[in-house]
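Reader: Thanks for sitting down with me. Could you walk me through this model, one question at a time?

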Amino acid sequence: MLILIVGAGLYLTLRLGFLQFRTLPYALKLAFSPARQDKKSQGDISHYQALTTAMAATVGTGNIVGVATAVVLGGPGAVLWMWVTALLGMATKYAEAILAVKYRVVNSKGEISGGPMYYLEKGLKAKWLGVLFAIFGSCAAFGIGNMVQSNSVSKAMSDSFNVPTWVTGLILMLLVGLVILGGIKSIGKVTSFFVPIMAAFYVLSGLVIMVLNFDIVPQAIGTIFNDAFTGSAIGGGLLGTVIRYGVARGVFSNEAGLGSAPIAAAAAKTDLPGRQALVSMTQVFIDTIIVCSVTGITIVMADMYGGGLEGGDLTSASFAAFLGDTGGYIVTIGIVLFAFSTLVGWSYYGEKCFSYLFSDKAIPYYRVVFVLAVMYGALEELSVVFGISDIMNALMAAPNLIGLIGLSGVVVYETKRFLKVAKEEKYQSKERKARIG
């Protein structure tokens with residue numbers, strides 16, 4: 001499955017002419033420039049809110065716990081393979097979003113619904129694959145988007161502040177329930193405010209460590225590159241192990257190929273599928289190339305990944321090695337914030353998959369079960385939770401990848417159509433500036 005996910009990313013990268021590298025600056029401008037929001041277009045939330053909702057779901061414990069797991073089991077070189085996965089995954093995420101917007105529909109409540117289940121049904125004419133995706137997606141939400149997150153939070157709070165796991169689970173249940181009851185517009189408002197603050201808090205903390213210890217940063221990066229092609233994995237010692245865990249945790253972190261983020265992208269107010277697709281693409285860059293890099297480089301700098309620590313404990317100890325107890329608290333707070341945002345984002349993905357199967361009337365029931373699962377995850381063993389998540393992710397990705405490859409021609413067509421419009425907009429903008437000047 002990992003080979004298929006990376007292979008699909010490489011195939012789409014080639015078909016799109018390395019679009020993710022050529023258009024990244026423009027994509028970031030689209031994502032964060034208020035003047036670019038398509039307020040009059042069809043949709044429930046803005047480009048920015050769609051991006052932050054998707055980021056809320058992906059910037060989670062995978063960025064802290066998952067990266068640490070990759071380094072322990074795959075060695076420092078796993079970080080490089082996370083980067084490779086992300087760069088190819090940007091093309092995958094772009095393709096997912098462009099199809100999600102093109103084939104989206106308006107549901108019985110007047111809200112936008114979209115994602116792999118719709119482009120598999122309407123674009124590929126394979127409703128049975130859409131049904132399979134919806135089944136796997138509604139179940140996967142309980143793994144990667146629910147139990148993994150609450151488990152990591154409860155463990156972090158217990159280790160750092162001696163808070164009983166059941167107390168953490170109960171508080172998370174209440175907070176998640178309050179947010180998701182309001183639907184996508186409520187989720188969009190919360191994430192658009194919450195996500196930038198939490199990401200900036202964590203990234204800036206990591207950058208402080210790197211600046212204060214700049215003399216060992218080049219050595220750490222050198223170790224990552226060297227180990228990526230030689231392999232010194234703790235859990236095997238083979239190059240294949242390094243690549244396997246780097247790719248696996250990269251996919252777990254940014255979710256490119258799983259088909260989750262396009263469910264949020266479909267809700268965006270946009271005039272052309274390509275516009276929102278570029279915005280969605282930036283999520284992978286921010287999630288893995290920026291946030292995961294902070295974790296990975298700090299762990300390698302601290303050089304504690306062979307001492308028996310794993311998961312959040314390793315990341316916490318690595319930050320503490322440079323910032324004392326404050327470093328450990330930063331990681332704990334980061335885990336709490338990241339996990340909460342992921343719980344909120346994935347609740348939306350899961351309910352959209354569930355409503356596709358059983359109609360919009362079934363959503364309240366799904367939300368109740370989703371909230372209850374938060375407590376179960378907080379009390380369960382981490383290895384069991386990650387195992388469930390990996391299986392669900394693979395099952396979810398299979399029909400989505402078939403859809404992406406089968407509809408790649410549509411992706412190319414919509415890309416050319418949008419780039420033509422973007423070129424005209426750029427020309428008109430220069431003309432206006434010339435007249436004003």
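Author: Happy to! One term before we start: a residue counts as buried when its relative accessible area is under 20%, as exposed when that value is over 50%, and as partly exposed in between. Please keep in mind that this is a predicted model.

Reader: Good to know. Is F142 buried or exposed?

Author: The cut-off for buried is under 20%. F142 has a relative accessible area of 17%, so F142 is buried.

Reader: F142 pairs with F370; what kind of ring pair do they form?

Author: A search of the whole structure finds 13 aromatic pairs. In the pair of F142 and F370, the ring centres are 5.7 Å apart and the planes meet at 50°. Planes under 30 degrees apart would count as stacked and over 60 as edge-to-face, so this pair is tilted.

Reader: How many residues apart are F142 and F370 along the chain?

Author: F142 sits in the loop between helix 8 (127-140) and helix 9 (143-161), while F370 belongs to helix 18 (residues 363-379). The pair therefore links distant parts of the chain; the separation is 228 residues.

Reader: And which residues form an aromatic cluster with F142 and F370?

Author: F370 is buried too, because its relative accessibility is 0%. Along with F142 and F370, the cluster takes in three further names: F354, F358 and Y366.

Reader: What kind of pair do W346 and Y349 make?

Author: These two residues lie in helix 17 (residues 325-358), 3 residues apart, which means about one helical turn separates them. Both are buried. Their ring centres are 5.2 Å apart with planes at 75°, so the pair is edge-to-face.

Reader: Let's go to the surface. Which residues form the nonpolar patch there?

Author: One member, F18, lies in the loop between helix 1 (2-15) and helix 2 (19-22). F18 is partly exposed, with a relative accessible area of 42%. Together the patch has about 460 Å² of accessible area, and its members are L10, L14, F18, F21 and L87.

Reader: Finally, what is the radius of gyration of the protein chain?

Author: The chain has 20 helices and 2 strands, and buried residues make up 59% of its 437 residues. For that length the globule rule gives 22 Å, and the value for this chain is close to it, so the chain is as compact as a globular protein of that length. The radius of gyration is 21 Å.

Terms used
Residues are numbered from 1 along each chain as its sequence is written. This is a predicted model: local features need pLDDT of at least 70, side-chain atom pairs count only at pLDDT 80 or more; totals for chains, interfaces and linings use all residues. Side-chain values use heavy atoms; hydrogens and water are left out. Patches are made of residues with over 30% relative accessible area and no salt bridge: like charges are joined within 9 Å, nonpolar side chains (Val, Leu, Ile, Met, Phe, Trp, Tyr) within 5 Å. Accessible areas come from the Shrake-Rupley method with a 1.4 Å probe; for residues, only the protein chains shown count as cover. A salt bridge is a side-chain nitrogen of Lys or Arg within 4 Å of a carboxyl oxygen of Asp or Glu. Helices (H or I, at least four residues) and strands (E, at least two) are DSSP runs, numbered from the N terminus. Buried means under 20% relative accessible area, exposed over 50%, partly exposed in between (1.4 Å probe, protein chains only). Rings of Phe, Tyr and Trp (its six-membered ring) pair if their centres lie within 6.5 Å; planes under 30 degrees apart count as stacked, over 60 as edge-to-face and the rest as tilted. The radius of gyration is taken over C-alpha atoms; the globule rule is 2.2 Å times the number of residues to the power 0.38.
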